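Reader: I have a model open on my screen and would like to go through the words used to describe it. Could you walk me through them, one at a time?

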Amino acid sequence: MTKRPTLFSLILSMPLLLWQLLFFLFPLLFLVAISFWTVRNFQMQPDLNFGNWERVLTRGVFWDAYFRTMILATAAAAITSIIAFPASYAISFKMSEKAKRWMIFILIIPFFTSYLVRVYSLQVFLSDAGIVNAAFGYLGLGPFPMLNNAFGIIVGMITLTLPLVILLQTFSLNFVNRDLIEAAHNLRCGRLRTVFAVIVPSAKVGLVIAALFAFILSFGDFVSPLYLGGGNPPTLSIMITDFTKSGQQWPRAAVVAIMMIITLLTAAFAAITYAYKERGR
Amino acid sequence: MGNENRIINLLLKLHIALCLLFIFAPIAGSFVFSLNSDRFPSLPLGEFSTEWYRLIWEDPLVWQGFANTVVVGLTVAVIATVLGFGGAYTDFRYNFTGKSFYLALALLPPTIPVVIMGLAMLAFLSRVNLSGTTISVIIAHGVMCSPFAMAIIRLRLSQMDPDLEAASWNMGGNQWQTLRYVIIPFAKPAIFAALFITMAVSFDEFAVAWFVSGLNETLPVKILGFLQGQVSPRINAIGSLAFLSSMTLIILAQLLLRSPEDKK
């Protein structure tokens with residue numbers, strides 16, 4: 001245990017550091033650089049040009065997409081958290097240890113299915129002649145338009161985030177001190193009041209972080225907006241793929257990407273500040 | 001009170017069932033549709049058919065995509081697990097200035113949206129003339145998968161008795177021998193679990209691979225291509241097969257992670 005790093009410690013620690021510096025941090029910094037480059041004859045040229053920033057940030061199209069993405073992701077995060085909470089509550093407080101472990105295993109499964117395949121399958125469920133509308137048809141209702149609109153996008157985002165949010169909420173509820181709940185009951189605190197006055201505040205950090213993850217995933221998702229929302233009008237991530245894939249406008253795509261990263265960092269910072277606020281009260 | 005309790009518990013159970021239905025209906029649906037003759041499945045379902053499986057079996061592009069996926073997946077699993085092991089051991093054993101930077105760099109990639117990762121990778125790799133190659137997909141997946149490997153192995157190391165290492169040193173083992181005969185055997189189940197799980201993550205990753213792979217598409221990128229083109233239940237057939245292979249990997253990983261605990 002010397003103070004100076006040994007050869008042994010360097011051989012173990014450096015490969016990961018070098019790999020992530022070279023292939024993770026450096027590409028992200030490079031993205032900032034190319035946002036100032038110019039495109040001539042479909043070739044990017046190093047430059048220090050604010051034209052891309054100006055073009056993107058002064059367009060209404062960008063800000064429309066920005067606020068649409070923001071609203072969709074916020075709505076998805078809120079709805080997912082609300083749907084997830086009763087489930088996480090039941091898993092954490094009502095189930096035996098064995099059943100809990102099974103639920104966690106079951107909820108991990110969706111991470112290893114292709115999100116694309118699930119979205120394709122959802123298209124079949126949600127289309128006008130699809131399974132859900134056919135079921136409504138038997139009841140003499142509908143058909144309801146559920147595809148190529150905000151509803152479809154939100155359903156896709158919930159599909160993406162619900163398992164993760166339930167897992168994160170369950171983990172944070174598992175850490176809630178059971179004595180507190182006992183105490184609340186002894187003090188004749190009602191069931192619902194116990195949930196909102198005791199359980200939610202003491203699991204606040206985990207609940208906020210779960211919602212934050214749902215927001216991050218939804219904000220960056222391009223599959224639901226494209227294949228369940230129809231892609232038009234675009235969200236920010238669709239803008240990036242469009243600029244990159246069809247227009248060869250990588251510098252402009254970089255501007256959109258940087259704006260997204262700034263937004264996500266701000267959201268993460270705000271959420272974590274909020275989560276830890278008032279804890280010492 | 002007891003009565004109310006039962007109703008509430010019943011409602012909660014119902015809610016969980018609905019959540020699971022919502023989560024698993026698309027997955028189950030994809031299975032059912034893959035064995036169904038209809039091009040646009042609806043209620044009532046069409047006839048049983050293995051047509052879509054036959055079509056993908058005969059499609060050379062699918063086979064090529066499959067080969068790319070396997071090559072990428074195996075390579076990424078090894079690279080990510082080696083990098084992740086080093087990172088996990090570093091975090092377990094050493095304290096140094098800048099450690100939080102080291103950990104942030106090691107663990108943050110999964111929080112960056114995939115479109116942004118894809119764009120950054122594409123811009124960088126095309127600058128060094130690597131975009132459009134299988135290597136570029138391996139590099140990108142290495143970045144995205146090593147945090148998972150690191151987390152899995154780190155958890156296992158935290159279960160290790162710290163005196164074990166000291167004992168090995170006291171008995172004259174140097175650091176390398178201790179690593180070889182004490183730490184690696186102890187972490188072995190987690191190392192294998194990390195291999196399987198990173199492979200499964202790489203198998204399903206489509207977005208970054210789509211940006212950087214060029215013509216060397218992996219299977220998930222092929223699916224994205226199918227989605228953009230004609231509607232075809234072939235996606236369901238490929239998806240079902242991919243799901244089965246991922247699940248096999250996960251269950252193997254789960255068994256590996258669980259068995260040592262049970263033996264004790």
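Author: Gladly; what follows is a set of questions and answers on this structure, which is a predicted model.

Reader: Let's begin with chain A as a whole. What makes up its secondary structure, and how much of the chain is buried?

Author: Chain A comes to 13 helices and two strands. Of its 281 residues, 52% are buried. Along the principal axes, its C-alpha trace spans about 75 × 75 × 35 Å. Among contacts in chain A with a separation of 6 or more, 69% join residues 24 or more positions apart.

Reader: Which residues of chain A are listed as "transmembrane region"?

Author: The unreviewed UniProt entry lists residues 65-90, 102-126, 146-168, 195-219 and 253-276 of chain A under that name. Such annotations may be inferred rather than shown by experiment. In the model, residues 65-90 of chain A are 100% helix and 0% strand, with end C-alpha atoms 38 Å apart. Residues 195-219 of chain A are 96% helix and 0% strand, and their end C-alpha atoms are 29 Å apart.

Reader: And which residues of chain B does the record list?

Author: For chain B, UniProt (again an unreviewed entry) gives residues 12-35, 61-89, 101-124, 130-153, 190-215 and 235-257. The span 130-153 of chain B is 83% helix and 0% strand, while residues 190-215 of chain B are 81% helix and 0% strand.

Reader: Why is Gln169(A) called buried?

Author: The relative accessible area of Gln169(A) is 2%. Buried means under 20%, so Gln169(A) is buried. This residue is found in helix H7 (residues 150-174) of chain A. Leaving out residues up to four places away in sequence, Gln169(A) touches Ser81(A), Ala84(A), Phe85(A), Ser88(A), Leu207(A) and Ala210(A).

Reader: What makes the pair Gln169(A) and Ser88(A) a polar contact?

Author: The side chains of Gln169(A) and Ser88(A) come to 2.9 Å. A polar contact calls for a pair of N or O atoms within 3.5 Å, one able to donate a hydrogen and the other to accept it, so the pair is counted as one.

Reader: Thr218(B) sits in a loop. Is it buried or exposed, and how do you know?

Author: Thr218(B) is buried: its relative accessible area is 3%, set against a limit of under 20%. The loop in question runs between helix H9 (207-212) and helix H10 (219-228) of chain B. Among the residues touched by Thr218(B) are Asn68(B), Thr69(B), Val137(B) and Glu205(B).

Reader: Why are Phe93(A) and Pro86(A) described as partly exposed?

Author: Phe93(A) has a relative accessible area of 23%, and Pro86(A) has 25%. Partly exposed covers values between the buried limit of 20% and the exposed limit of 50%, so that term applies to Phe93(A) and to Pro86(A). Phe93(A) lies in helix H3 (residues 60-94) of chain A, as does Pro86(A). Leaving aside neighbours within four places in sequence, Phe93(A) is in contact with Leu173(A), Val176(A), Arg178(A), Ile181(A) and Ile199(A), and Pro86(A) with Leu12(B) and His15(B).

Reader: What makes Asn148(A) and Asn129(B) exposed?

Author: Exposed means over 50%. Asn148(A) is exposed at 52% relative accessibility, and Asn129(B) is exposed at 67%. Asn148(A) has phi near 60°, a positive value in a residue other than glycine. Asn129(B) also has a positive phi of about 60°.

Reader: Where is there a cis peptide bond, and what is its omega?

Author: The cis peptide bond joins Asn232(A) and Pro233(A), with omega about 0°. Pro233(A) is in the loop between helix H11 (223-227) and helix H12 (236-245) of chain A.

Reader: How many cavities of 30 Å³ or more does the search find, and which residues lie nearest the centre of the largest?

Author: The search of the whole structure finds one cavity of 30 Å³ or more. The largest cavity holds about 100 Å³ of space. Its lining has 13 residues, with Thr113(A), Val117(A), Ser30(B), Gly239(B) and Phe243(B) nearest the centre.

Reader: How does that lining divide by residue type?

Author: The lining of the largest cavity has six nonpolar, five polar and two charged residues.

Conventions
Residues numbered from 1 in each chain as written. Chains lettered and ligands numbered in written order. Predicted model: local features only at pLDDT ≥ 70, side-chain atom pairs only at ≥ 80, totals over all residues. Heavy atoms only, no water. Helix = DSSP H or I, 4+ residues; strand = E, 2+ residues; numbered from the N terminus. 1 Å grid on protein atoms, 1.4 Å probe; cavity = no way out; pocket = protein on both sides within 12 Å on 5 of 7 lines; lining within 4 Å. Points joined across faces, edges and corners; volume = space filled by probe spheres on them. Nonpolar A, V, L, I, M, F, W, Y, C, P; charged D, E, K, R; others polar. Buried < 20%, exposed > 50% of the residue type's maximum accessible area, 1.4 Å probe, protein only. Contact = heavy atoms within 4.5 Å.
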